[in-house]
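Got a minute to poke at a model? Let's go through some of the labels and ask what each one rests on.

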Amino acid sequence: MKESNLLASVALFSALYNNENFTNISDILAEFIKGAVISEKKWTVNSNELTNLLEKVYEFKIPESVVRTTVRNRLKITPTIHGHYVFNSSIEKEFISLNENYESIVQVQSEILEALISFIDSKVNTPLTPEEKDAAIQNFKSFIIDNGSSEKYSKLISAFLIKNREDTNFTQNLNLIREGVILYQGIRYTADLNELGRWNTDLKIFLSTEHLFNALGYNGSLFQQIFDDFYELVKQINTNTKNKHGEKIVELKYFQETKDQVDAFFKTAEYILKGTSTLDPSKTAMKKILEDCKTLSDIKAKRIKFDLELKRKGIFYQEFSQSIYTYPEYLVEDNNLIDTLKQEAYGNQKLFDENLCRQFLQIFTKINYYRGGLSKTKFENIGTIFITGNRFALYLAHQTKVKFKEEDIPFAKDIDYITSKFWFKLKKGFGDKQLIPKSLDVICKAQIILSSQLNQTVYKEFNKLQQQFRGGELTKEEALERSYVLREKSVLPEDLNPETLDTTLDFLNKDEFFEDYYREKVKKDLDLKQALHERDELKRELDFRILKEENELYQKALAKFNSEKLEYSTLKWKQFKIKKRNDLLYFISINILTFVPLFITLFLKGNKCVNDKIEKLGSNQNFIWSFLALIFLIELFGRSYIFDKEKVKSGWVWLKTLVHRTSYDNLKRDYIVEFQNDFEELNKVNTVF
């Protein structure tokens with residue numbers, strides 16, 4: 001193996017652990033021992049040399065006692081009289097598959113690192129120099145194997161991981177490393193691998209404030225899941241093993257200092273509800289407390305319920321009746337120590353909260369008291385630990401000045417550390433065999449770190465705006481507006497996703513966020529005004545076009561209506577004239593019937609020649625006169641009973657109208673108007689005019 005690579009080594013260890021061909025850790029470690037021997041061609045070595053070979057080839061620092069046991073029990077090699085192990089060169093044939101897997105993992109990790117550098121280059125103003133690339137890669141390795149999370153590139157590394165979280169191969173490869181680290185660290189600090197499978201020692205775990213809130217879901221679903229994973233391991237240990245008194249072997253407790261912080265949290269919630277305090281947007285638990293609370297009694301009820309739910313989970317308050325100063329031999333808090341830590345922080349240009357420092361050192365004193373001052377031991381035998389996610393507390397706990405000796409187990413660890421210890425000790429599987437705890441998932445870690453940095457920035461900006469408001473630099477309206485903006489920036493870890501990364505990084509990377517925010521706001525206001533002006537212009541143009549189109553449609557409809565009205569009135573006039581013509585003909589017919597017989601009679605009597613001829617007919621002439629008399633009778637009877645006098649009259653009037661042209665024109669005009677009015681009346685329901 002040409003390159004020493006701890007990331008690839010632990011990833012391969014995890015992959016083999018999940019391989020059904022290997023039944024235990026010792027078998028896998030035996031493969032790595034063979035690999036180290038073959039890689040360096042050292043066929044005859046003692047246990048010390050073999051331990052060094054593992055470190056050289058794989059960067060594995062395995063206890064020499066574990067190496068000796070593995071060689072003897074798994075590889076069946078007995079040391080010579082001089083303590084040397086002689087390996088048969090035939091094992092080289094068995095090494096090909098392991099080496100190929102290792103090289104494949106190295107190749108995959110190289111591709112991931114190249115993608116990381118490309119991502120960082122895209123997010124910074126200038127491309128990374130070779131030195132910066134090396135620093136970014138080292139930051140990434142530290143991030144993955146849990147050796148650090150506050151380095152220069154932690155924000156971008158977290159964003160890179162979140163961006164690629166949907167890539168299954170990507171996350172599986174990184175989680176192989178995380179899982180392998182747990183196995184490696186477990187082996188490294190375990191003298192006898194045969195001890196695995198049970199947790200056999202008493203352990204009292206004191207929870208910090210945030211873990212009490214996490215236990216009940218006050219800080220969001222992801223933190224609750226992380227606590228639940230830890231809690232399930234604790235329950236499994238307590239189910240399988242009892243101490244010598246038949247009680248739980250692992251206890252969950254919290255100190256007075258933690259209880260005071262919880263009380264202060266709920267009291268602040270009351271002040272916020274009363275309007276005498278302002279909600280800090282970075283405090284997720286505070287939002288949860290205030291949720292659905294309308295009165296102060298609602299908050300008090302939540303406080304009581306909070307304690308009851310903790311007790312149901314088996315998390316109890318630990319009373320410490322004596323003052324810590326009663327036990328000077330266990331005292332961690334010291335004014336000289338605090339001054340030294342303060343100076344170091346200022347020298348590194350870091351903030352230092354002296355009150356918070358004293359509070360944590362008091363807790364460490366209590367932990368030291370319960371340990372009996374014995375911290376130089378295996379973790380399994382430590383007896384008492386304080387778990388917290390507070391970075392300042394963890395920083396203090398790992399200072400040699402605080403824990404007294406370099407090799408001492410710190411007074412505080414994070415929940416990930418404890419969970420991984422339990423996970424390894426109980427011989428839990430990884431990969432597809434079982435669901436690993438959320439705290440061990442690399443994407444969850446990235447979400448938590450980025451969310452933490454985001455909320456810290458929100459907290460700083462919130463404090464800054466409060467100072468500016470008190471100093472008169474901001475009006476109340478400006479302060480409220482900024483507060484609302486900050487509330488939107490504060491997010492739970494589970495809410496961070498590829499879609500929100502760019503805005504999150506912009507907020508984190510801008511030291512003068514609100515100055516940029518207001519410049520952007522002014523620009524947006526101007527753009528909005530311009531857009532509104534353009535919208536109004538477009539609306540006026542559109543209204544004009546619509547009005548024009550409507551007018552054209554109106555004119556067309558009106559023309560059609562008038563045309564139909566004219567046609568209707570013309571048709572009606574024609575029908576009227578036909579009726580009047582028929583009346584006129586009727587009038588003429590009646591007059592003919594009236595005057596023709598009379599005319600014929602007068603003609604017959606008045607014309608001597610005709611009259612003489614009629615008289616010559618003798619008695620036959622009576623037929624002629626009788627016929628004429630009958631016609632007279634018919635005409636006389638018809639005038640009274642048969643003839644339509646109205647039609648006669650109408651015919652006479654129409655005749656007079658035809659004789660006088662002016663009367664005709666006036667009558668035509670009047671009737672045309674009347675017909676048109678009738679048309680409008682008939683069509684008024686359908687018209688829009």
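Q: Why is the pairing of Lys 342 with Glu 354 called a salt bridge?
A: This is a predicted model, and in it the closest N and O atoms of Lys 342 and Glu 354 are 2.7 Å apart. The cut-off for a Lys or Arg side-chain nitrogen and an Asp or Glu carboxyl oxygen is 4 Å, so the pair qualifies. Lys 342 sits in helix 14 and Glu 354 in helix 15 (residues 354-371), twelve residues apart.

Q: What makes Lys 342 buried or exposed?
A: Its relative accessibility is 17%. Buried means under 20%, so Lys 342 counts as buried. Glu 354 comes in at 27%; with the partly exposed class running from 20% to 50%, Glu 354 is therefore partly exposed.

Q: Which other residue meets Glu 354 in a salt bridge, and how do you know that it counts?
A: That's Arg 358, with an N to O distance of 3.5 Å. The limit is 4 Å, so this one passes too. Arg 358 and Glu 354 are separated by about one helical turn, because they are four residues apart in helix 15. Arg 358 is partly exposed, at 22% relative accessible area.

Q: What makes Asp 583 and Lys 579 a salt bridge, and why is one called buried and the other partly exposed?
A: Their side chains meet at 3.5 Å, N to O, and within 4 Å is what's asked, so the label holds. Asp 583 has a relative accessible area of 4%, and buried is under 20%, so Asp 583 is buried. Lys 579 is at 48%; exposed needs over 50%, so Lys 579 stays partly exposed. Elsewhere, Lys 259, Asp 263, Arg 303 and Asp 307 are joined into one network by salt bridges that share partners. The whole structure has 27 salt bridges.

Q: Why is Gln 318 called buried, given that it is found in a loop?
A: The label rests on accessibility: Gln 318 has 15%, and the threshold is under 20%, so buried it is. The loop in question runs between strand 5 (315-317) and helix 14 (335-347).

Q: How do you know that Gln 318 makes a polar contact with Tyr 370?
A: The two side chains are paired at 3.3 Å. A polar contact needs N or O atoms within 3.5 Å, so the pair fits. Setting aside residues up to four places away in sequence, Gln 318 also touches others, including Lys 204, Phe 206 and Lys 253.

Q: What makes Leu 585 eligible for a nonpolar surface patch?
A: Leu 585, in helix 22 (residues 513-606), has a relative accessible area of 47%. Patch residues need over 30%, so Leu 585 clears that bar. Together with Ile 588 and Ile 592, Leu 585 makes a patch of about 260 Å².

Q: Why is Glu 680 called partly exposed, and which residues is it in contact with?
A: Glu 680 has a relative accessible area of 33%, and partly exposed covers 20% to 50%, so the name follows. Leaving aside neighbours within four places in sequence, Glu 680 is in contact with Phe 561 and Lys 565.

Terms used:
Residues are numbered from 1 along each chain as its sequence is written. This is a predicted model: local features need pLDDT of at least 70, side-chain atom pairs count only at pLDDT 80 or more; totals for chains, interfaces and linings use all residues. Side-chain values use heavy atoms; hydrogens and water are left out. Patches are made of residues with over 30% relative accessible area and no salt bridge: like charges are joined within 9 Å, nonpolar side chains (Val, Leu, Ile, Met, Phe, Trp, Tyr) within 5 Å. Accessible areas come from the Shrake-Rupley method with a 1.4 Å probe; for residues, only the protein chains shown count as cover. Helices (H or I, at least four residues) and strands (E, at least two) are DSSP runs, numbered from the N terminus. Buried means under 20% relative accessible area, exposed over 50%, partly exposed in between (1.4 Å probe, protein chains only). A polar contact is a pair of N or O atoms within 3.5 Å; within protein, one must be able to donate a hydrogen and the other to accept it, and residues adjacent in sequence count only if both atoms are side-chain atoms. Contact means heavy atoms within 4.5 Å.
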